Structure formats: structure tokens, C-alpha cells
Amino acid sequence: MRRLLLTAVNFALVLGIWAQKKAVPQKPAVTKPTVTKGRNINITLTPLKNCKVYLASYYGQGRVLVDSAYLDEKSQGVFRGPNKLTGGIYFVVSPQYTIQFDLLMDDQQQFTITGDTALKENALITGSAENDLYKKYAAYTGSKSASLAQLENAYKAATTSADSARLRDEILKTDKELQDYREGIIKKNPASLLATLLTAMKRPTVPAIPVVNGKSDSTYPYRFVKEHFWDDVLFNDDRLLRTPFFEKKLDDYFKTLVSPEPDSVIKEVNYFLLMARTGKEIYPYLLTKFTNKYMNPEFMGQDKVFVFLFENFYAKGDTMLLNPASRKVIIERAYSLMANQLGQPAPFLDLTDTTGRTVPLYGIKAPFTVVAFWDPNCGHCKEEIPKMDSLYRAKWKKYGVAVYSVNIYENEVASWKHFIQDKKLSPEWVQVYETKATKQAVEKAGKANFRQLYDIYKTPTIYLLDKDKRIIAKQLSLEQFDDLIEAKRKTL
């Protein structure tokens, strides 16, 4: 199944932090800005001449080129345009697409960059208060981070308990100084881009377990961290996308603080999208991200999240965000999943067996019914269907489990029958297929076929139904189906 993907240009490079060193001994470009609106960013980057250099930025977990400037004989050029770029962390990139140094894209975008490809750490940004603040921050945090690294190495090598205790205290003290410095920037410069980025980076400190009326509240730390994980973060701020940490923090939040149960995920996804709705870039990005994740989810049942997205966003007009090919994929996938959600009655099947007799799925009486869709020429099916037969003979048969086995290709009847005989599949299984005449009748009537109703985009596709033919599970391994049957039958 095809998936929606956001395009990004990735650089196989590590972004360094500016250090507070002597500036590159070149004079800044003195070209007077020729526009008062949009962007007008002068750049001098020696020794490059008569070539293009680029501006790039983070974009979620990727990086993307956003502008270019031609450097003349004096190594000077201008990043110019009628519109301002989205604020965030940007890079100057060489003609060979290597990152030279980073900077903040401020609101004014009327500043000057001076640098040298051999002295990347000495890059100088003038005319931007945001970058002045950023440079001081980077110098301080770079120094403190180096000190922390030294202390942590010494702590690992400590040979006495006294040294370990002393070094641990120094680590905690240094880390607190670093956190306090960041908090100071946020409080002193609340309207700055750097304050916005530092706020988005913050993660709550896990509190101690409190004792209430003599009992420990072990869930309090989790509740506290979840409640404060996004304090003061505005999800409609497009600048969050132009950082390396927002999407990682979002992924960590869903991984560690959100239950994988579909309804819990839906609640969170809906909140993020509603809060981001007015964001020009971040809203479609998040909608696409969640669509990709839950169209083919990691956990069984989470495709319910994708159906929710379709019904509450795409079906209400957000398909306009998509190109025609992506729109077609999403609509078709949504309609395929709507009919086979966990807990719902399985779609009706009224197919033909090897003798030409019609056998309806709902005519089978059993505490559990396994519905398996497969192709006799599929390599994976040739392994999995005999394994399922072994499970059936060893355990499922005595549990009263029924198997409704469906050949998905009406033109492979001979191969299908040969496979059944060759592998000596259990005669108790209901072996069926859709005849060519039935298939044509369904198409003529404009009805959904069984492939759509059961979301068959790979083989084998297997479902487990209860006695009322409601869907208990789907898309699990045979071992997982077996474990589930064992667990469910104990509750009957």
C-alpha cells in the first residue's frame, strides 16, 4: 500500500553549535537592503566565488532547501525574496550541499551573514538581535555541556564512594545552572524566537511519588509529566517545524505517555490537530504525519484512528490539501477500513465452495471463526496456510473453531484445489471462492467487493470472529491468533 510522504532534502551531516570566538576577518557586505518587506539577507562566504550557496532549514525530522544566493567575484550575494521565510533554525549550505553553520531566522530577515568555509565556527551574524542572543546562548551551553561531559566521564571512572558522591553533586549543580540559564532567557526575552524554541524543548522533571493519607500515589508522576509535557507550547506555530526537536518530542509523547488503545490515540490526535488548525504549515504536516502512521499502524486496531481522521478531517474538506493520487489512496483506504473495524460485525460473505455449493459465512455456527483470505500461488501463503492447518488440527478443532478459507482469485481454481489436496488441508475447513459470475454481478451493481470490505491488500489476510461474527482481531501472526483464542475461550 502506498503511503503519503512529505519530501525533504536530507544532509548526512551533524550540525555544530556556534562557539564564541573571534569573528572571521572579513568586512560584512555593506549592500543596503533594497526591500523593506520580505527577506533581504546579505551573505559573504569566502573563498567561494561565482557559485550558488543555499539556505536550508529543519522540516520535522528532515531538512529542506528553501532559498539560494549567487556569490559574485567578491564572495558576496543576497538571499532575497518578496516573502519572509518561516522562523526557526536554518543553515548556510555550500554548493556541495554541506552545512557550513547555523543561524536563527528572525522576524525581520534584514541581516548580514559573514563566514569562511575553513572557519565555520567563527561565522558572524550582524543586524539581528535574535542571532546575538542565540550566539550567547550557544557559547554558554556549549561550555556547560563540555563541563557536564567531563564530570560524567569522571563519575564513571570514580573509584571511591566519596568521589562518586562529590561528582554527582557537581553534575546536578552544573545541570541546574544550565536549566536556570535557559529559564532566564525565557523570562527575560519572552517574545524572542529563542524563548519559543527553548519552551518547546522543555520536558517536565519527574516528581517524587507523594504519600496521601498514608498511601503512595504511584500514578502521580505519570499524570504530572503528561499534564505538563506541552506547557506554553502553541501547536499552530509553524516555527516548531523548523527545529530538530519538536517532532521527536511529539513521537516520545505518543510512545511513552499515550495508551496505544485507539480511543486514547484518537483523543490526543484530535487535540493536536484542532490546536494546530490555524497553522499554515504545521497543520497539514501533522495531519499527514498522523495519516501515514495510522493508515498502516503498528498496533492492531489503531487503523480506527485513520478512519477517524478521514471522517472528521478529510471527508470535511481537507482532501484539498492532497494531490489527486494521494487523495485517491486515502479515500480508497478509508472505505476499505470502515467495514472491518474491531468490534463490528464482519461483512457478509456468500461464496462458493469446491463443489459449487454456496456457503454463507453467517451460516457457520462456532464459538470462533477464522476467516483466511489467501492465494494458492503466494509464497507466504504456501508457508502460513499449512501452519494454520497444523494449529487447527492440534488445538483449534477441539475448541470448536471454524475456518472459512477464501481463495481470492477466481481464475486460480485449479491451483487452489491442487493446493488443498497436495497439502491435505483439514476437510472440516470451509473452502470457498468468488465465482466470475458473482464478481461481475457485484461490479455491475456498484457494490463493494470482498477485497474492499476486508481490506485485502496482502496475502494471507486473516480475521478472528466471535460467535456472533463480530471482529475480535485481524492482521496478527498465527501465534498471536492462537494466544488470543486461548485467552478468549477462558472467558466463555
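How many salt bridges does a search of the whole structure find? The search turns up 29, where a salt bridge is a side-chain nitrogen of Lys or Arg within 4 Å of a carboxyl oxygen of Asp or Glu. Keep in mind that this is a predicted model, in which local features need pLDDT of at least 70, side-chain atom pairs count only at pLDDT 80 or more, and totals for chains, interfaces and linings use all residues. Residues are numbered from 1 along each chain as its sequence is written, and side-chain values use heavy atoms, with hydrogens and water left out.

**View A. Lys 474 forms a salt bridge with Asp 303.**
The closest N and O atoms of Lys 474 and Asp 303 are 2.8 Å apart. This pair links distant parts of the chain, 171 residues apart: Lys 474 is in strand 17 (residues 471–474) and Asp 303 is in helix 8 (residues 303–312). Helices (H or I, at least four residues) and strands (E, at least two) are DSSP runs, numbered from the N terminus. Lys 474 counts as buried at 4% relative accessibility, and Asp 303 is buried too, at 7%. Here buried means under 20% relative accessible area, exposed means over 50%, and partly exposed is in between (1.4 Å probe, protein chains only).

**View B. Salt bridges that share partners join Lys 395, Asp 482, Glu 486 and Arg 489 into one network.**
Within it, Lys 395 pairs with Asp 482, their closest N and O atoms being 2.8 Å apart. That pair links helix 10 (residues 379–396), home of Lys 395, to helix 14 (residues 478–489), home of Asp 482, across 87 residues. Lys 395 is partly exposed, with a relative accessible area of 22%, while Asp 482 is buried at 8%. Arg 489 also has a ring partner: its charged end sits over the ring of Tyr 399, 3.8 Å from the ring centre. To count as sitting over a ring, NZ of Lys or CZ of Arg must be within 6 Å of the ring centre and within 35 degrees of the ring normal.

**View C. Arg 451 forms a salt bridge with Glu 410.**
The closest N and O atoms are 4.0 Å apart in this pair. Arg 451 is in helix 13 (residues 450–453), and Glu 410 is in the loop between strand 14 (401–407) and helix 11 (413–422), so to speak 41 residues away along the chain.**View D. Phe 308 and Phe 313 make an edge-to-face pair.**
A search of the whole structure finds 29 aromatic pairs. Rings of Phe, Tyr and Trp (its six-membered ring) pair if their centres lie within 6.5 Å; planes under 30 degrees apart count as stacked, over 60 as edge-to-face and the rest as tilted. The ring centres of Phe 308 and Phe 313 are 6.3 Å apart and their planes are at 70°, which is why the pair is edge-to-face. Phe 308 counts as buried at 16% relative accessibility, and Phe 313 is buried at 2%.

**View E. Phe 348 and Tyr 362 make a tilted pair.**
Their ring centres are 4.5 Å apart, with the planes at 35°. Phe 348 lies in the loop between helix 9 (324–338) and strand 11 (350–353), and Tyr 362 in the loop between strand 12 (358–360) and strand 13 (368–374), so the pair ties together parts that are 14 residues apart in sequence. Phe 348 is exposed, with a relative accessible area of 66%, whereas Tyr 362 is partly exposed at 25%.

**View F. Ring pairs link a set of aromatic residues into a cluster.**
The members are Phe 229, Trp 230, Phe 235, Phe 246, Tyr 253, Phe 254, Tyr 271, Phe 272 and Phe 290. Trp 230 has a charged partner as well: the charged end of Lys 249 sits over its ring, 4.8 Å from the centre.

**View G. The largest pocket has a volume of about 480 Å³.**
Of the 16 residues that line this pocket, the closest to its centre are Gln 179, Glu 183, Lys 202, Arg 203 and Thr 205. Helix 2 (161–188) and helix 3 (193–201) each supply at least two lining residues, and the largest share, five residues, comes from helix 2. A pocket, on a 1 Å grid over the protein atoms alone, is an open set of points where a 1.4 Å probe fits, with protein on both sides within 12 Å along at least five of seven lines; lining residues have an atom within 4 Å of a point. The volume is the space filled by probe spheres set on the points, which are joined across faces, edges and corners.

**View H. Two cysteines, Cys 51 and Cys 381, are buried.**
Cys 51 has a relative accessible area of 16%, and Cys 381 comes in at 0%. The disulfide count is zero, a disulfide being a pair of cysteine sulfur atoms within 2.5 Å.
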